[in-house]
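Reader: Hi! I'm in my first year and still getting used to looking at structures like this one. Could you take me through one part of it up close?

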Amino acid sequence: MEDQIMDGQSQSAPVREDTDSLFDAPPMAEQERMVEAVLFASAEPVTLRDLESRMPHGCNPREAVEHLRKRYEGRGVRVVRLGDAWAIRTAPDLGFLMQKETTELRKLSRAAIETLAIVAYHQPVTRTEIEEIRGVSVSRGTIDQLMEMNWIRLGRRRMTPGRPVTFVVTPDFLDHFGLESARDLPGLKELRAAGLLENRPPPGSLPLGQSGDEDDEPEEQAELFEE
């Protein structure tokens, strides 16, 4: 009887081994695939602790990620360590492929358009003269915006008390509008023919010292700046 019991115990041992085998870790190649899938799908770097919680019991994410890192050496993407986490990133020497130049459309405010037109038609012109033509003050932000776009720049100082600076248009402005020089800007007659101006300027719209006869000064464009 004892022999039979002993035989029964010895025969039951393989059963326990079969039960333990259910929890054996997958092959390392499969663990690499698991790590690769997680890193590829994650927008943020993944820690080893997080990998371990996702992978089956018994896996070794540290070893798997090291194998994966070596496998990706020299490829277009790499497995890189970021602090205590890991991520898949583009190879540094191929970063230029991810860059894309775009043209940002920036709509000018009415004040900026008016100021730009005054500078173009009246250059060199001081800030005070711009305000006299517009009939309202010119904010610093408007001037800064046009200068930041490199459409106007500082010109020579006026030989008057205080020696105020003047503003002129830049070659970039001329290039943008396909002009060889500011003299190629359309005149009053051309603008009226295109329907961009009324026949007569509204009262007070001409620069100081100018007459109301538009034919006397064909390049004065104060009408551009009215409603």
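**A close look at α6 and the helix packing**

Author: Sure, let's start with helix α6, residues 127-134, where I130, I133 and R134 are buried. Keep in mind that this is a predicted model. If you look down the axis of α6, its buried residues fall within an arc of 95°, so they line one face of the helix. That fits a handy rule: an α-helix has 3.6 residues a turn, so residues three or four places apart point the same way. And what sits over those buried residues? The cover includes helix α5 plus the strands β4 (125-126) and β6 (166-169). Right after α6 comes G135, and its phi is positive, near 85°.

Now follow α5, since it is part of that cover. Helix α5 (residues 110-122) also packs against helix α7 (residues 140-148), at an angle of about 65° and with the axes 10 Å apart. Because of that angle, α5 counts as roughly perpendicular to α7. The crossing of the two, α5 and α7, is right-handed. On the α5 side, the contact uses A111, A112, T115 and L116, while α7 brings T142, I143, Q145 and L146. Sort the residues in this contact of α5 with α7 and you get five nonpolar, three polar and no charged.

For another pair, try α2 (residues 28-41) and α4 (residues 61-71), which pack at about 80° with axes 8 Å apart. So α2 is roughly perpendicular to α4. Here M28, Q31, E32, V35, E36 and L39 of α2 meet E63, A64, V65, H67, L68 and R71 of α4. The contact of α2 with α4 splits into six nonpolar, two polar and four charged residues.

Methods:
Residues numbered from 1 in each chain as written. Predicted model: local features only at pLDDT ≥ 70, side-chain atom pairs only at ≥ 80, totals over all residues. Heavy atoms only, no water. Axes fitted to C-alpha atoms, helices over the stretch in contact; angles between N-to-C directions. Helix = DSSP H or I, 4+ residues; strand = E, 2+ residues; numbered from the N terminus. Parallel < 35°, antiparallel > 145°, perpendicular 65-115°, else oblique. Left-handed = near helix turned anticlockwise from the far one by under 90°. Contact = heavy atoms within 4.5 Å. Nonpolar A, V, L, I, M, F, W, Y, C, P; charged D, E, K, R; others polar. Buried < 20%, exposed > 50% of the residue type's maximum accessible area, 1.4 Å probe, protein only. Arc of directions from axis to C-beta.
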